[in-house]
Amino acid sequence: MTAAAGTARAVWRRPPLIRNPRLRWAIYGGSLVYLVLAFASVDVNWTRVYEGLDRGLRFVEGFLVPDFVSRWGDIAQGMQESLTMTVTATVVGIMVSVPIGIGAARNIAPLPIYLACRGIIALSRSFQEIIIAILFVAMFGFGPFAGFLTLSFATIGFLAKLLAEDIEDIDEAQAEAIRSTGAGWWQVVNYGIQPQVMPRLIGLSLYRLDINFRESSVIGIVGAGGIGATLNTAMDRYEYDSAAAILILIIVIVMLAEYGSSIIRQRVQ
Amino acid sequence: MVDASRTFPESWRKRTTRTELLIWAGWLALVALFVFCWQVMTQDTIWMFVADAPSQAADIGSRMVPPRWAYLPDLMAPLWDTINIATLGTLLAVIMAVPVAFLAARNTTPSVRFVRPVAMLVIVASRSINALIWALLLVAIIGPGVPAGIVAIALRSIGFVAKLLYEAIEEIDAQQVEAVTATGASTAQVIDYAIVPQILPAFAGICVFRWDINIRESAVLGLVGAGGLGLKLQDSLNILAWPQVTVIFVLILLTVLVSEWVSARVRHAII
């Protein structure tokens, strides 16, 4: 006993996050080399930054005294486009993603349909909204219609994937009980699965409504309509007080939407 | 005790007539809202362009193939920039988000009434504005290039990292904190020995997850002038060089897949 106590370390040291010392030092060394290389390749033009500080200050001033009035017509138009785009795209996106989500659930869909639906989801998820918006603007022309299509398409990847995972996680006993009454496939989906996934589907739909509004403020930069176009114009004209007003409106609407959807979710779940 | 005088309906129904009517009215309102929004949105749409879309799509598709693979070497430097924007941006965001998260968590904030709302406001403001919009502002302020992209990614990520981290801090086991406090440890020592070890795995997972998202976002930041692959994309789109656009799309797709794989592996190893 005394011998063992003699060899033990006198001071306790906490165990490291990565147990293998070789791997640990390799990761530390690799990170250090990467950071040095990365910082070396980023060249900051300090004179430009110094000149820009003046603009930064004007922007902060704009935030303190936002100008809602002088461009109100443009802002109202952009907001109207953003909000209508968000609502229509979310509704259409949900309507399309429910069948795809059901098709992408392995426990209720046959293999060919499963693979096809998973393919659609992967396609929709792998590209940024803004890239899809560029393509849709090129095809459908400028304006909120292209934005509507972009957001609908992006909604499919998000909602169908989560719905499919939810359906795969259901309590199989309930579906089995419905099936044992002699119910057909539609009836199993309607009575055995739909009640189990409905609360979460509503929650996810509200969350997606939120995301779609945030995205609708961006895709305008590439010409797909909405408040992003107004914001881009305001920035190009160096009207930082109008730009600040738009940003404040976006933040307020997102906060309201988050607050509202949290209330609805509490009531549903 | 069942009231004998009460009459029961012939068949079982899940809801009363009143709730059924209410639900029906709710659906009607939703449909009406949708139709109204659709009308407002499409009032300026030129349907000729929409009808023309299939031929436009076919046209663009035919221009996009074959991809101009010779353009690939030109994309290596922007790809390196994109990875740097995402990684350094995430790093910067994490450095700023950790204090915000500790100020926002109910069990570690110095004051629930005054400090916590400020921290929450920082989180919401950072989360509601997309990285592209941050980049738009920063390009105007500190000039086009990689630094604007790094700061834009960092500002966007603060809210995300801080939100998930403060939720993790609020869920820790209070007994461990109590045990360390009982030894006479100072606040800093309590954080170091009781709180940090509990949230470290979640923290690492959050960082890698955000890094993965940031790779996607930094790939398009160049569209507004903040460096990386998006800059090349903008150049190619401006001169309608669709074969180059295809190459860029393929490269972005591959980068995203690799980053997703890395992030999934690391998170799997940690959790």
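Trainee: So UniProt positions follow the numbering used here, feature names are shortened, and annotations may be inferred rather than shown by experiment. Which annotation covers residues 79-261 of chain A?

Mentor: The unreviewed UniProt entry gives that stretch as "domain: ABC transmembrane type-1". Keep in mind that this is a predicted model. In the model, the span is 83% helix and 0% strand, and its end C-alpha atoms lie 20 Å apart.

Trainee: And which residues of chain B does UniProt list for that domain?

Mentor: For chain B, the unreviewed entry lists residues 79-263 as "domain: ABC transmembrane type-1". That span is 82% helix and 0% strand, with its end C-alpha atoms 18 Å apart.

Trainee: Where does UniProt place the "transmembrane region" feature in chain B?

Mentor: The unreviewed entry puts it at residues 21-41, 83-105 and 239-258 of chain B. Residues 83-105 of chain B are 96% helix and 0% strand, and the end C-alpha atoms lie 31 Å apart. Residues 239-258 of chain B are 85% helix and 0% strand, with 29 Å between the end C-alpha atoms.

Trainee: Back to chain A. How is it split by the domain assignment?

Mentor: Domain 1 of chain A runs over 16-57 and domain 2 over 70-268. Their C-alpha centres lie 36 Å apart.

Trainee: What are the confidence numbers for the two chains?

Mentor: Chain A has a mean pLDDT of 86, with 96% of its residues at 70 or more. For chain B the mean is 87, and 97% of the residues reach 70 or more. The model as a whole scores ipTM 0.79 and pTM 0.82.

Trainee: Where in chain A is confidence lowest?

Mentor: In helix 1 (residues 2-7) of chain A, at a mean of 49, whereas helix 7 of chain A is highest, at 92. The pLDDT is below 50 over residues 1-6 of chain A, and that stretch has zero contacts in the model beyond near neighbours in sequence. Where pLDDT is low, the predicted coordinates should not be read in detail.

Trainee: OK, now the interface. How many residues does each chain put into the contact?

Mentor: Chain A gives 45 residues and chain B gives 43 residues. On the chain A side, the elements that give two or more residues include helix 2 (21-41), helix 3 (46-64) and helix 11 (240-268). Helix 4 of chain A gives the most to that side, with seven residues.

Trainee: What kinds of residue make up the chain A side?

Mentor: They divide into 28 nonpolar, 13 polar and four charged.

Trainee: What about the largest nonpolar core, how many residues has it?

Mentor: It has 132 residues, and those with the most contacts inside it are Leu132(B), Ala135(B), Ala152(B) and Leu165(B). Helix 7 (residues 146-170) of chain B supplies the largest share of this core, 15 residues.

Trainee: What is Ala152(B) in contact with?

Mentor: Setting aside neighbours within four places in sequence, its partners are Ala131(B), Trp134(B), Ala135(B), Leu138(B), Leu221(B) and Ala226(B).

Trainee: Changing topic: which peptide bond in chain B is cis?

Mentor: The one from Val65(B) to Pro66(B), with omega near -5 degrees. Pro66(B) sits in the loop between helix 3 (53-64) and helix 4 (76-104) of chain B.

Trainee: Met64(B) is in that helix 3, so is it buried or exposed?

Mentor: In between: Met64(B) counts as partly exposed because 17 other C-beta atoms lie within 10 Å, and being buried takes 20 or more. Met64(B) touches Trp242(B), Pro243(B), Val245(B) and Thr246(B), not counting residues up to four places away in sequence. The C-alpha atoms of Met64(B) and Trp242(B) are 4.8 Å apart, although 178 residues separate the two along the chain.

Trainee: Any backbone angles to look at? What is the phi of Tyr238(A)?

Mentor: Tyr238(A) has a positive phi of about 60 degrees although it is not a glycine. Most residues other than glycine have a negative phi, and most peptide bonds are trans. Tyr238(A) lies in the loop between helix 10 and helix 11 of chain A. Tyr238(A) is exposed, because 12 other C-beta atoms lie within 10 Å.

Trainee: And what is phi of Leu240(B) near?

Mentor: Near 55 degrees, a positive value in a residue other than glycine. Leu240(B) is in the loop between helix 10 (229-238) and helix 11 (242-270) of chain B. With 11 other C-beta atoms within 10 Å, Leu240(B) is exposed.

Key: Residues are numbered from 1 along each chain as its sequence is written. Chains are lettered from A and ligands numbered from 1 in the order in which they are written. This is a predicted model: local features need pLDDT of at least 70, side-chain atom pairs count only at pLDDT 80 or more; totals for chains, interfaces and linings use all residues. Domain bounds come from an automatic or database domain assignment. Two residues are in contact if their C-beta atoms, placed from the backbone, lie within 7 Å. Helices (H or I, at least four residues) and strands (E, at least two) are DSSP runs, numbered from the N terminus. Ala, Val, Leu, Ile, Met, Phe, Trp, Tyr, Cys and Pro count as nonpolar, Asp, Glu, Lys and Arg as charged, and the others, Gly among them, as polar. pLDDT is the predictor's confidence in each residue, from 0 to 100. A nonpolar core is a set of buried Ala, Val, Leu, Ile, Met, Phe, Trp, Tyr and Cys residues joined through C-beta atoms within 7 Å.
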